[in-house]
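Colleague: I'm new to this one and would like a close look at a single part. Could you take me through how the helices pack together and what sits in the core between them?

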Amino acid sequence: QAGMKALSIGKLGEKTGVNVETIRYYEKIGLLPEPDRTAAGYRQYGDSHLRRLHFIRKGRDLGFSIEAIRELLRLAVHPEYPCQDADRMAAEHLAEVERKIAELEKLREALSGMVNCCKEKK
């Protein structure tokens with residue numbers, strides 16, 4: 001691809017922090033387009049692969065499912081689509097995060113009680 005030297009799968013993994021097997025998996029399921037290959041069959045990734053994989057990694061780090069990331073990528077490629085879908089997905093994810101935070105706060109209270117219980121018995 002123009003403007004950037006082609007990257008091997010290993011270099012792409014290093015630059016994005018994504019495991020080589022995970023990159024291959026993303027290709028297999030169509031989340032990451034298959035790259036061009038050298039005459040010897042080695043993958044050659046370009047700038048668009050790098051940007052897309054950074055996006056996928058960030059989405060996974062934020063807890064989005066593969067299908068949610070697939071939908072966000074679809075919306076990013078088609079800015080003419082209504083953004084309500086992206087808003088809905090973000091709102092659903094936010095609700096799930098808030099539910100998890102509430103569960104963690106309950107766990108913190110329970111653990112704090114256990115720690116204080118041990119201090120009182122000494």
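Modeller: What follows is a walk through the helix contacts, then the core, then a few single residues.

One thing to keep in mind is that this is a predicted model. Let's start with α1 and α2. Helix α1 covers residues 9-16 and helix α2 covers residues 20-28, and the two pack at an angle of about 105 degrees with their axes 9 Å apart. An angle from 65 to 115 degrees counts as roughly perpendicular, so that is how α1 stands to α2. If you want to find the meeting place, look at I9, G10, L12 and G13 on the α1 side, and at V20, I23 and R24 on the α2 side. Sorted by class, this contact has 4 nonpolar, 2 polar and 1 charged residues.

Now bring in α3. Helices α1 and α3 pack at an angle of about 45 degrees, and their axes are 10 Å apart. That makes the pair oblique to each other, and their crossing is right-handed. On α1 the contact uses L12, K15 and T16, while α3 brings H49, L50, L53, H54 and R57. By class, the residues here divide into 3 nonpolar, 3 polar and 2 charged. You may have spotted L12 again: L12 is part of the α1 contact with α2 and also part of the α1 contact with α3.

Stay on α3 for a moment and pick out L50, which has its place in that helix. Is L50 buried or exposed? Its relative accessibility is 13%, so L50 counts as buried. For a sense of distance, try A40: L50 and A40 are 10 residues apart in sequence, and their C-alpha atoms are 22 Å apart in space.

The next pair is α3 with α4. Helix α3 runs over residues 47-61 and helix α4 over residues 66-77; they pack at an angle of about 135 degrees, with axes 10 Å apart. So α3 and α4 are oblique to each other, and this crossing is right-handed. From α3 the contact takes R52, F55, I56, G59 and R60, and from α4 it takes I66, I69, L72, L73 and V77. The class count for this contact is 7 nonpolar, 1 polar and 2 charged residues.

With those helices in place, let's turn to the core. The largest nonpolar core has 19 residues, and the ones touching the most other members are L12, I23, Y26, L31, Y45, L53 and I56. Which elements give two or more residues to this core? They are α1, α2, α3 and α4. The largest share comes from α4, with 5 residues.

Several of those core residues have turned up already. L12 and I23 take part in the contact of α1 with α2, L53 belongs to the contact of α1 with α3, and I56 belongs to the contact of α3 with α4.

Y26 is a good place to zoom in. Setting aside neighbours within four places in sequence, Y26 is in contact with V18, L31, L32, L53, I56, R60 and I66.

From Y26, step across to L31, which is found in the loop between α2 and β1. L31 has a relative accessible area of 1%, so it is buried. Apart from residues up to four places away in sequence, L31 touches Y26, R52, I56, I66, I69, R70 and L73. Among these, I66, I69 and L73 are α4 residues in the contact with α3. L31 and F55 are 24 residues apart in sequence, with 11 Å between their C-alpha atoms.

I29 has its place in that loop between α2 and β1 too. At 25% relative accessibility, though, I29 counts as partly exposed. Not counting residues up to four places away in sequence, I29 touches I66 and R70; both appear on the list for L31 as well. The C-alpha atoms of I29 and L75 are separated by 18 Å, and the two are 46 residues apart along the chain.

Last stop: helix α5, which spans residues 84-121 and holds H93. With 16% relative accessibility, H93 counts as buried. Leaving out residues up to four places away in sequence, H93 touches L62, G63 and F64.

Note on methods
Residues are numbered from 1 along each chain as its sequence is written. This is a predicted model: local features need pLDDT of at least 70, side-chain atom pairs count only at pLDDT 80 or more; totals for chains, interfaces and linings use all residues. Side-chain values use heavy atoms; hydrogens and water are left out. Axes are lines fitted to C-alpha atoms, for helices over the stretch in contact, and angles run from 0 to 180 degrees between N-to-C directions. Helices (H or I, at least four residues) and strands (E, at least two) are DSSP runs, numbered from the N terminus. Angles under 35 degrees count as roughly parallel, over 145 as roughly antiparallel, 65 to 115 as roughly perpendicular and the rest as oblique. Contact means heavy atoms within 4.5 Å. Ala, Val, Leu, Ile, Met, Phe, Trp, Tyr, Cys and Pro count as nonpolar, Asp, Glu, Lys and Arg as charged, and the others, Gly among them, as polar. A crossing is left-handed if the near helix is turned anticlockwise from the far one by less than a right angle, and right-handed if clockwise. A nonpolar core is a set of buried Ala, Val, Leu, Ile, Met, Phe, Trp, Tyr and Cys residues joined through side-chain atoms within 4.5 Å. Buried means under 20% relative accessible area, exposed over 50%, partly exposed in between (1.4 Å probe, protein chains only).
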